[in-house]
Amino acid sequence: MISIMKKNKILTFSLLTYVVLYFTMPEISSRAISQSTYYIKEMFMIMPIVLIISALIETWVPRETIIKTFGKKSGLKGPIFSFLLGSLSAGPIYAAFPVCTTLYKKGAKVSNIVIILSSWAVIKVPMLINEYRFLGGDFMLYRWIFTVVAIIALAFIMEKVIIKGELPVKQDISKENEKTLKVDCNLCVDCSLCAKECPSYFHMEDGCAKVKKDILNLEEVNLVSKAIKKCPVNAISAD
Amino acid sequence: MDIFTLGLWVIAIVLLIISLIKDKNKTFGSLKKAKSMMGGMAGSIFGILLLIGLILAFIPPSYIESVLGSANEVMGTFIGAIIGAITLIPAFVAFPLAGSFVDAGASLVTAAAFVTTLTMVGFVTFPLEKEQFGAKFAFWRNALSFVFAIIIALGMGLVL
């Protein structure tokens, strides 16, 4: 209960305030509810579209292929690819960091990295739908145009400010001696062989094996490798 | 429901059907992924939507208009940009939040500054960015983004 409340701080805060208001200032609370209801209704009208469009992008935009061919692109294609990659990707901006690191190692220019990061953050396609709904079509369109121009300018300046090779892209030294232990619950058939083989690393919960410890050193990887091999559906991975 | 939203619904559903015909499993897989992503955000989405009601019930529109309205555009833009830079809420709920303030009398320029810095400048994600790309890159990208967000907002003021 407390962990749920901690995870949803804003929701908990709002609900508690509503409860307090309901008893102390009922007319304000009913005004607040009617205001919120309007926005919740609006959200329900647009949310399924955003969800479907995000899922379709995820299904049909071959992000891996874009990343693979990226390093070789030069001239105008680089920036255009960067804009597409950024605006068609899902997830928050910190999800873009590892993608950018990979591309930078492959020789992508600083300006293209900046374009990916910025367009990933600001001009994502599903978000544009949401922006249209709540702030209007003109607002969405003009802000999009201005933002694209600004991102190009930003990328140009960053290219001048940051000298190639200056980015201290981390080589993930820590990761070489560490593996992440995972169980894919879509594959797990709840046979509990892993938990019997290595009870200190796996336990069974809700029809799926759960790991007790997820970051392993090399020694531990050797220990759990037996369990990994025993798994009948290859649901366990350590990499 | 207005005609544009209706159009979006039709487009989304038609594309979804085409996608299902072409590859049922893959489409269902990504729908599931999208659903769980939304599920993870549902708490903060509802939290913010409920908060909007509270804010609007407590702060009279006349006050919002006087501080963030068009009479006070430069000031409002800076306030919007700074609040956007330091808060971390999903961009998804930033739009209804900004929309509610505009409905209550805040200027569109302020809303543009808020939405742009909220997404482009990451005060909270700065340490992470610094770790990945170094302090110089993170500092310049965020600082320049902040400046550009204000330019974008002021540009919006000229055309809208």
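This report walks through charged and aromatic side-chain contacts in a predicted model.

**Salt bridges**

Let's begin with the charged pairs. Side chains of opposite charge can pair when their charged atoms come close. Over all chains, the structure holds 4 salt bridges, and the table lists three of them, including one in chain B.

| Pair | Closest N to O distance |
|---|---|
| Glu42(A) and Arg133(A) | 3.0 Å |
| Lys213(A) and Glu220(A) | 2.5 Å |
| Arg141(B) and Glu129(B) | 2.6 Å |

Take the salt bridge between Glu42(A) and Arg133(A). This pair links distant parts of chain A: Glu42(A) belongs to helix α3 (residues 26-60), Arg133(A) to helix α8 (residues 125-135), and the two are 91 residues apart. Are these two partners buried or exposed? Glu42(A) has a relative accessible area of 10%, so it is buried, and Arg133(A), at 15%, is buried too.

The salt bridge of Lys213(A) with Glu220(A) has a mixed setting. Lys213(A) counts as partly exposed because its relative accessibility is 35%, whereas Glu220(A) is buried at 10%.

In chain B, Arg141(B) meets Glu129(B) in a salt bridge. Here helix α8 (residues 135-159), which holds Arg141(B), is linked to helix α7 (residues 126-133), which holds Glu129(B); the two residues are 12 apart along the chain. Both Arg141(B) and Glu129(B) are buried.

**Aromatic pairs**

Now for the rings. A pair of aromatic rings is described by the distance of the centres and the angle of the planes. The count over all chains comes to 7 aromatic pairs. In one of them, Tyr38(A) and Tyr39(A) have ring centres 4.8 Å apart and planes at 80 degrees, so the pair is edge-to-face. Tyr38(A) is partly exposed, with a relative accessible area of 43%, while Tyr39(A) is buried at 2%.

Another edge-to-face pair joins Phe97(A) and Phe133(B), with 5.8 Å from centre to centre and 85 degrees between the planes. This pair crosses between chains, running from helix α6 (residues 96-105) of chain A to helix α7 of chain B. Phe97(A) is buried, with a relative accessible area of 1%, and Phe133(B) is likewise buried at 1%.

Which residues do ring pairs link into a cluster? They are Tyr38(A), Tyr39(A) and Phe134(A).

**Charges over a ring**

Finally, have a look at Trp60(A). Lys22(B) lies over the face of this ring, 5.8 Å from the ring centre. Lys26(B) also has its charged end over the ring of Trp60(A), at 5.2 Å from the centre.

Methods: Residues numbered from 1 in each chain as written. Chains lettered and ligands numbered in written order. Predicted model: local features only at pLDDT ≥ 70, side-chain atom pairs only at ≥ 80, totals over all residues. Heavy atoms only, no water. Salt bridge = Lys/Arg side-chain N within 4 Å of Asp/Glu carboxyl O. Helix = DSSP H or I, 4+ residues; strand = E, 2+ residues; numbered from the N terminus. Buried < 20%, exposed > 50% of the residue type's maximum accessible area, 1.4 Å probe, protein only. Phe/Tyr/Trp six-rings, centres within 6.5 Å; stacked < 30°, edge-to-face > 60°. Lys NZ or Arg CZ within 6 Å of the ring centre and 35° of its normal.
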